[in-house]
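Reader: Hello! I am new to this structure, so please choose one part and take me through it closely, explaining the terms as you go.

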Amino acid sequence: MASVIDPELLAEARRVQVRADRMVTDVMAGGYSSVFRGSGIEFDEVREFAEGDELRSVDWNVTARTGRPFVKKFVEERELTVLFLLDVSASMAFGSAPPGSNRRSVANTAALFVGCVAFAAARNNDKAGLIRFTDGIERYVPAKKGRNHVLRLIREACTPPVPRAR
């Protein structure tokens, strides 16, 4: 049985996509000239100083203990994973406005946020995933790469919660 997507929901997802893509393009213009930047964040090892090493990377504690210069090495972080936790409970309807109004509900703002950050992640070749929850997990979308996956995350973020049978 194929599910039919509400045309209103599809239009809202499209609005979020266009707006988020535009915001990411404006903010990220020229933001990253290289994937490899800085010395990395994750510590890898300490090794003896070799010709050509930067003096800034010297580990002075180990150098003082051993009497010979040592440097710290770090691993570049690549292909990070962004996981969105999205509350889709009734409280997210706060701030609703009549159709045609310029105001957004908290849920619409959250969907826009998911779109913006997911597009930024896709632009950096990072993965993005989503967990929609109320008092329990409603939907889990595993992290993947790519623009099509970002569009799926936006659709999921715009989808209203399914009422639970009690």
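Author: Let us begin with a charged pair: glutamate 54 and arginine 56 join their side chains in a salt bridge, 2.8 Å from N to O. That term asks for a side-chain nitrogen of Lys or Arg within 4 Å of a carboxyl oxygen of Asp or Glu. Arginine 56 is exposed at 74% relative accessible area, while glutamate 54 is partly exposed at 46%. Here buried means under 20% relative accessible area, exposed means over 50%, and partly exposed lies in between, with a 1.4 Å probe and protein chains only.

A word on what you are looking at: this is a predicted model, in which local features need pLDDT of at least 70 and side-chain atom pairs count only at pLDDT 80 or more, whereas totals for chains, interfaces and linings use all residues. Residues are numbered from 1 along each chain as its sequence is written, and side-chain values use heavy atoms, leaving out hydrogens and water.

The whole structure has four salt bridges. Another one joins arginine 68 to glutamate 48 at 3.0 Å, N to O. Because arginine 68 sits in the loop between helix H2 (60-66) and strand S2 (70-75) and glutamate 48 in strand S1 (residues 42-48), this pair ties together parts that are 20 residues apart in sequence. Helices (H or I, at least four residues) and strands (E, at least two) are DSSP runs numbered from the N terminus. Arginine 68 is partly exposed at 41% relative accessibility, and glutamate 48 is partly exposed at 39%.

Now follow me to arginine 139, whose side chain meets that of glutamate 156 in a salt bridge of 3.2 Å, N to O. Arginine 139 belongs to strand S5 and glutamate 156 to helix H4, so the bridge ties together parts that are 17 residues apart in sequence. Arginine 139 is partly exposed at 37%, but glutamate 156 is buried at 12%.

Glutamate 156 also brings us to arginine 132, which is found in strand S4 (residues 127-133). What is the nearest side chain of opposite charge to arginine 132? That is glutamate 156, 4.3 Å away, and the buried arginine 132 has no salt bridge. For charge, Lys and Arg count as positive and Asp and Glu as negative, with His and the chain ends not counted. The side chain of arginine 132 does reach the backbone oxygen of threonine 159, at 2.6 Å.

Strand S4 and helix H4 (147-158) also help to build the largest nonpolar core, along with helix H1 (7-28), S3 and H3, each supplying at least two residues. A nonpolar core is a set of buried Ala, Val, Leu, Ile, Met, Phe, Trp, Tyr and Cys residues joined through side-chain atoms within 4.5 Å. This core has 21 residues, and those with the most contacts inside it include Phe84, Ala118, Leu130 and Leu153. H3 gives the most to the core, with seven residues. Beyond its neighbours within four places in sequence, alanine 118 is in contact (heavy atoms within 4.5 Å) with Phe84, Ala128, Val150 and Leu153. Phenylalanine 84 itself is buried, with a relative accessible area of 6%.

Conventions. A polar contact is a pair of N or O atoms within 3.5 Å; within protein, one must be able to donate a hydrogen and the other to accept it, and residues adjacent in sequence count only if both atoms are side-chain atoms.
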